[in-house]
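Here is a brief report on the fold, the helix packing and the cross-links of one protein chain. Keep the viewer open while reading.

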Amino acid sequence: MHRRTALGGALTALATAAAGVLVAAAVSTAPAAAAAGGTGTGYLHTSGNKIVDSTGATVRLTGINWFGMETDNKTFHGLWSSNPWRSQLDTMARLGYNTLRIPYSNDALKSGATATGINDFVNPDLIGLSPLQILDKVIDYAGSKGMRVILDRHRPTSAGQSPLWYTSTVSEATWINDWKMLAQRYAGNTTVIGADLHNEPHAEGTNPAATGACWGCGDTARDWRLAAERAGNAILGVQPNWLIFVEGVSCPSGGLSNVWDNDPSNDEDCGWWGGNLSKAGQFPVRLNVANRLVYSPHEYATSVYRQAWFDDPSYPANMPAIWDKYWGYLYKQNIAPIMMGEFGTTLQDPKDKIWLQNLMAYTGTGVNGMSFTYWSWNPNSGDTGGIANDDWTTINQPKQDILTPYLIPPTGGGGTTSPSPTGTPNTSPAPTTPPPPVTGGCTATYKQINSWAGGFQGELTVKNTGTAAVNPWSATWTWPSGVTLASGWNATVTQSGTTVTAAAPAWASSLAPGASVTVGFTANGTAATPDSVKLNGTAC
């Protein structure tokens, strides 16, 4: 049985909270100046407790975690299944998840790192690619769906989590330099919106001899708040447009409470790993670029650990006060946005269903609610399970039904055709409204990326050599009889007869003079070069 790869075990001292609070007291939110469907336009930044896009419209990230790149496989789990990786992303977007949080370990970023656990027959386009190259493809395709991506440094190595952001083998300098490398790699790509600096900093050692991550203690070797500033500012020095997501700790002192010594001075109110931001108001993270900070707590149910509050006689009426204390106050007092980076449950205990319903109500409804990324897409999360069932194709409907009212689907993402279970391509008619003609001309270049028995993968790059922008653009080509489209990306790719049409996605509808677009695809049949390529009806 696969164990969950995020929490890493039972947590720390337990807390009680005042009873008598109304169940699921919804977050009070003022109307936004403008509301953005999906994930908005351009890079994102913050305004008070809101995340806003480049036009100032409010954006709510309602996403999901897809883990695996932090494990020994060094790439996404489920690539071993019979469901192609693009089809899995298609399902996430269709269900309403507009953001993908991607955990990784520094091992996956090393030169020579190898991705394993990939079904080559189902995902032939991933054969021989490095973990970073696979990440590139997932990011590109997620962007074509209108989704955003948050990168999460989940573990220093694939061996497991760490209470601090560094270990004896992975230094703080490595942590920061790898972040700067990722920021440079995706500079200019507005799909990738930010860095979740380190997953679940937490306490270690018994107070007063604490050795774990503290918040506001001032010890540079243990103060997570200060480390988050160092890493966040280094990233912003390379990529000032990214959001910096900062998780909490478990115990602000960085040590476990000694509840057996009869000394109340050692007994501290602790929460989930990464979930305690109670000191962030007093000791805020200070970044050199304004309006980039998002606090990102984690929150779990009894299937992860049975915290004392779950057995409080007033449950679930006690929960809003607990959430207020640990992280909700940051939102309610307009200090900063909240993006709940992980929360999940197996739903096996009836209390967990109540917990999830109340937690979602607490985040608020509509675009003004708190952002979140659910844990997880993966069914092989040992203590939460996933939205996907064990076949990585069908959906855990009871969980999805609770989340659906709070999801804001991505907009502007072009669809894709993907293989059906029988291998017959799903195709739809080409657009009936002709796109505007090109003023000038175009060029087309083709590159075959891969081939296998019964199919191939290619990339067609079309350049606008005219004098005016083409908006919206649409490229067409023909294939010999017997060649059929299997999947496509960076455009809405469809086939009718022997003609293939790649229509511009709404997120990149305009092709400026001198600009080019690369449409990727896989196809069934003997490898063939696209013929009679046209851009908006003009032959290239």
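## Overall picture

Of the 540 residues of the protein chain, 58% count as buried. Buried means under 20% relative accessible area, exposed over 50%, and partly exposed in between, with a 1.4 Å probe and protein chains only. This is a predicted model, in which local features need pLDDT of at least 70, side-chain atom pairs count only at pLDDT 80 or more, and totals for chains, interfaces and linings use all residues. Residues are numbered from 1 along each chain as its sequence is written, and side-chain values use heavy atoms, with hydrogens and water left out.

The chain holds seven helices and 22 strands. Both are DSSP runs numbered from the N terminus: helices are H or I with at least four residues, strands are E with at least two. The exposed surface is about 19,200 Å², and carbon and sulfur atoms supply 53% of it. That area comes from the Shrake-Rupley method with a 1.4 Å probe; for residues, only the protein chains shown count as cover.

Contacts (heavy atoms within 4.5 Å) reach far along the sequence. Take those between residues at least 6 apart: 77% join residues at least 24 apart.

## Helix α4 and the loop after it

Helix α4 covers residues 224–238. What span should its 15 residues have at 1.5 Å a residue? The expected value is 21 Å, and the end C-alpha atoms are 21 Å apart, which agrees. The expected span is 1.5 Å times one less than the number of residues.

α4 is mostly covered, with 11 of its 15 residues buried. Among them are Trp224, Leu226, Ile235 and Leu236. Charged side chains are on the list too, including Arg225 and Glu229. The buried residues pack against α3 (172–185), β7 (192–196) and β8 (243–246).

Asp223 caps the N-terminal end of α4. One of its side-chain oxygens lies 3.0 Å from the backbone nitrogen of Arg225.

Asn241 sits in the loop between α4 and β8. Its relative accessible area is 29%, so Asn241 is partly exposed. Which residues does Asn241 touch, not counting those up to four places away in sequence? They are Tyr43, Leu44, Ile193 and Arg292. Tyr43 is 198 residues from Asn241 in sequence, yet their C-alpha atoms are 6.3 Å apart.

## Salt bridges

A search of the whole structure finds 17 salt bridges. The criterion is a side-chain nitrogen of Lys or Arg within 4 Å of a carboxyl oxygen of Asp or Glu.

Asp125 pairs with Arg86, the closest N and O atoms being 3.0 Å apart. Asp125 lies in the loop between β5 (99–105) and α2 (131–144) and Arg86 in helix α1 (85–95), so the bridge ties together parts 39 residues apart in sequence. Asp125 is buried at 5% relative accessible area. Arg86 is buried at 4%.

Arg101 and Asp196 also meet in a salt bridge, at 3.0 Å from N to O. Arg101 is in strand β5 and Asp196 in strand β7, so this pair ties parts that are 95 residues apart in sequence. Arg101 is buried at 0% relative accessible area. Asp196 is buried at 0% too.

Asp269 and Lys325 form another bridge, at 2.8 Å from N to O. Asp269 belongs to the loop between β8 and β9 (293–295) and Lys325 to helix α5 (319–332), so parts 56 residues apart are tied together. Here both ends are partly exposed: Asp269 at 31% and Lys325 at 29%.

Shared partners join Arg101, Asp152, Asp196, Glu247 and Glu342 into one salt-bridge network.

## Disulfides

The whole structure has three disulfides, counted as pairs of cysteine sulfur atoms within 2.5 Å.

| Pair | S to S distance |
|---|---|
| Cys214 and Cys217 | 1.9 Å |
| Cys251 and Cys270 | 2.1 Å |
| Cys442 and Cys540 | 2.0 Å |

Counted along the chain, the bonded cysteines follow the pattern 1-2, 3-4, 5-6. Cys214 is buried at 0% relative accessible area, whereas Cys217 is partly exposed at 37%. Both Cys251 and Cys270 are buried. Their link is right-handed, with 120° about the S-S bond.

The torsion about the S-S bond of Cys442 and Cys540 is about -105°, so that disulfide is left-handed. Cys442 lies in strand β14 (442–452) and Cys540 in the segment after β22 (538–539), so the pair ties together parts 98 residues apart in sequence. Cys442 is buried at 8%; Cys540 is partly exposed at 37%.

Methods:
A polar contact is a pair of N or O atoms within 3.5 Å; within protein, one must be able to donate a hydrogen and the other to accept it, and residues adjacent in sequence count only if both atoms are side-chain atoms.
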